[in-house]
Amino acid sequence: MAKNPLDKGKSNEKLLAERQQRLNDALQLEQPDRVPLFMPAGYLLAEYGGVTHAEQHHDFDTAQELLEEFALDFEPDSVLGLFNNPGPSLVLGDRMTKWPGKQLPENGSFQFDEHEFMKAEDYDDFLDDPSDWAIRTYLPRAFEKLDGFKFLPPFIMWCFGHYHLGNLPMYAAPPVQESLEALGNAIQVALKDAAHIGESTERMAALGFPPTFLAGALIEAPFDFMSDTLRGMRGIMLDIMRCPEKLLAAEQKALKYQLDFALSFCQATGLKRAFIPLHRGSDGFMSLEQFERFYWPQLKEMMVTLTEHDIMPICFYEGVWDQRLEYLADLPKGKTAGWFQRSDIFKVKDVVGDTMCIIGGMKNSLLKNGTVEKVRARTKELCERVGEGGGFIMSTGVGEMEGSDLELVRTWAEAAREFGAY
Amino acid sequence: MSDQLIKYVANMQEKEALALTKELLEAGVPPMEVLDDCRAAMDLVGKRFEKQEYFIPELILAGEILKSITAEVRPYIEGEEEAADAIPVVVGTVEGDIHDIGKDVVVFMLDINGFEVHDLGVDVPPQVFVDKVEETAASVVALSGFLTLSFDSMKETVEAIEAAGLRDGVRIMVGGGAVDEGVSEYAAADAYGGDAMAAVSLAKKWTGGNERG
């Protein structure tokens, strides 16, 4: 049962249906009954409940109870706790992530620690057989416990059928066995995480809150795929200058196999969305000329192909995209959505308001250090200008509300309902 | 002075630049002259970056070319020559945050604009900033952060500088990721810089320029 005046007396079933409808309308570029409010609460839940970040990560029941309390208290249309968990990473000795209570203090915040796991000289091997390279070269470098996979014979040998079976003792080498066992353990931990996600979704639905609209296949722009977990920032930027053709060829592999993954993932799960967090395409990293060659065509092809299969790509446009919004205006209308971190949100509305649902608008710094008046004024302006005609989901720019002032969050939620009505 | 070397480096012709460096050194050109050419080339790179002709790929490659040339030159140098008096600036990503991209670009731009940059790296505790300011007598501090948690780390760093009695002697800028004017206000810093050029102009404004530039 809701507390706020607009929803008072409605059953949880009705709230669930209305919230779902509100979000779907906005995503379809239509005008809902009011501007939907999305809160990516993240570590704010730990602060709200007086537990540590580490406890929030490692104790599902506590995290879930806090998510429920928070949702019932602030009544957003959509709410998100932590978006990832350390389980499988810790089992595998993942070298690219740092977690509270493990490599970080109890109240540290999850961080992605970029490495050059793929060297410039690896391009030829990667291009020659990316999947074999992934298993026998990448995994041992990226995950301490998968080091044994470097002793495996080339995977193409399986095409030798019966005659390769004589090589199976190679799989019995102790380091290989240890890695296989670690992988088996990680799978069990991941299954437990997946069961928690399922349980959380059901419990939230019972309270009137829809499953997160971001749920779907997680993939990356082909350029970011090559950058984030393979070449790293320094490496990828040098590749633009030193080996552009190899980078482009590698991006084609990243495009093809990620599409393959996303389509089969959506088929298997019934989910119809793909979440694509964008990292290196924003203003400032590369020139428009480089963007037109290395970033945009591959990303656009990815998005368009997804829409052709009725999958909605939702991109997180990290950083500022003010200089390249015109490219986005080319995307199929009403078939994609964009969550904008720091772009000029009013300019975004002007340029792509007819093309895609816009998510974002509230500055994290305002929720931390603003005043009731400033938060209300910003919310009102967002509802009036970005919300005009629909196609807008109000959210913070950053997908994390850690450090927000709870009273200002309350002000924001109330103002969004007050000014968001159409 | 080799205009050709300046041109090669500034135009990102890596192989040509390295070959010419070797040639010049073998022909007896003083190593410091080669390094001066590099500095001139880096100034050009910086200017092109400011004009948005160059971006991160060029900046990183320029850094790599400079590293390779320096390695070639090193055996020819007897004894270190001290750089001209430059104004010290302390830069770092605040505690709890390990993001370095924005910070590195700021370091590069401050450096080619003639500041003596003390780069403390990432995840820097407040006390380390305090110690470095004390040691270098820097009058400018630049705090970088990407995550929302950096808002509090920035505030704590400014407070630590204040508690050490150094606040009056320094101007503090903040920038990066989710940082904006509101964060500068929250952390009681002196200014927010939206990009590396803003960092350079703030540093110049606060110090009245620099020795080389």
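**View 1. The two domains of chain B and the contact between them.** In this predicted model, the domain assignment of chain B gives two parts, domain 1 covering 3–76 and domain 2 covering 88–207. The C-alpha centres of domain 1 and domain 2 of chain B lie 29 Å apart, and the contact between these domains joins seven residues of domain 1 of chain B to six residues of domain 2 of chain B. On the side of domain 1 of chain B that touches domain 2, the elements that give two or more residues are α3 (31–50) and α4 (56–73) of chain B. Of these, α3(B) gives the most, with four residues. By residue type, this side of domain 1 of chain B divides into three nonpolar, two polar and two charged residues.

**View 2. The contact between chain B and chain A.** Here 22 residues from chain B meet 26 residues from chain A. On the side of chain B that touches chain A, two or more residues each come from α4, α7 (150–163) and α8 (181–186) of chain B, and α4(B) gives the most, with five residues. The helix α4(B) therefore appears in two of these views, since α4 is also among the elements that give two or more residues to the side of domain 1 of chain B that touches domain 2 of chain B. The residues on the side of chain B that touches chain A divide into 14 nonpolar, three polar and five charged.

**View 3. The parallel sheet of chain B.** Five strands of chain B form an open sheet in the order β2-β1-β3-β4-β5, and their pairing is parallel. At the edges of this sheet stand β2 (116–119) and β5 (191–192) of chain B, each of which pairs on one side only. Within the sheet, strand β1 (residues 88–93) of chain B and strand β3 (residues 140–144) of chain B run parallel and are joined by five bridges. One residue pair to look for is B:V89 with its bridge partner B:V140 in β3(B). When neighbours within four places in sequence are left aside, B:V141 is in contact with B:V90, B:F129, B:V133, B:V170 and B:I172.

**View 4. The largest nonpolar core.** In soluble globular proteins, nonpolar side chains tend to be buried together. The largest nonpolar core of this model has 179 residues, and those with the most contacts inside the core are A:C357, B:V89, B:L110, B:V141 and B:A199. Helix α9 (residues 222–242) of chain A gives the largest share of this core, nine residues. Because domain 1 (3–76) and domain 2 (88–207) of chain B both give residues to this core, the core lies between them.

**View 5. The parallel sheet of chain A.** Six strands of chain A form an open sheet in the order β5-β6-β7-β8-β9-β10, with parallel pairing. The edge strands are β5 and β10 (392–396) of chain A, and each of these pairs on one side only. Strand β5 (residues 217–218) of chain A runs parallel to β6(A) and is joined to β6(A) by two bridges, and in β6(A) the bridge partner of A:L218 is A:F275. On the pairing with strand β7 (residues 312–317) of chain A, β6(A) makes six bridges, again in the parallel sense, and A:P277 has A:F316 as its bridge partner in β7(A).

**View 6. Strand β6 of chain A and its surroundings.** Six of the six residues of strand β6 (residues 273–278) of chain A are buried, so this strand is largely enclosed by the rest of the structure. Both faces of β6(A) are covered, with A:R273, A:F275 and A:P277 buried on one side and A:A274, A:I276 and A:L278 buried on the other. Together with helix α11 (residues 288–308) of chain A and β7(A), the strand β6(A) makes a right-handed β-α-β unit.

**View 7. A:L271 in the loop before β6 of chain A.** The residue A:L271 lies in the loop between α10 (244–269) and β6 of chain A. With 16 C-beta neighbours inside 10 Å, A:L271 counts as partly exposed, because a residue needs 20 or more such neighbours to be buried and 12 or fewer to be exposed. Leaving aside neighbours within four places in sequence, A:L271 is in contact with A:A215, A:G216 and A:C266. The C-alpha atom of A:L271 is separated by 29 Å from that of A:H53, a residue 218 places away along the chain.

Key: Residues numbered from 1 in each chain as written. Chains lettered and ligands numbered in written order. Predicted model: local features only at pLDDT ≥ 70, side-chain atom pairs only at ≥ 80, totals over all residues. Pairing = 2+ DSSP bridges. Right-handed = clockwise from strand over helix to strand, strands pointing away. Domains from an automatic or database assignment. Contact = placed C-beta atoms within 7 Å. Nonpolar A, V, L, I, M, F, W, Y, C, P; charged D, E, K, R; others polar. Core = buried A, V, L, I, M, F, W, Y, C linked by C-beta atoms within 7 Å.
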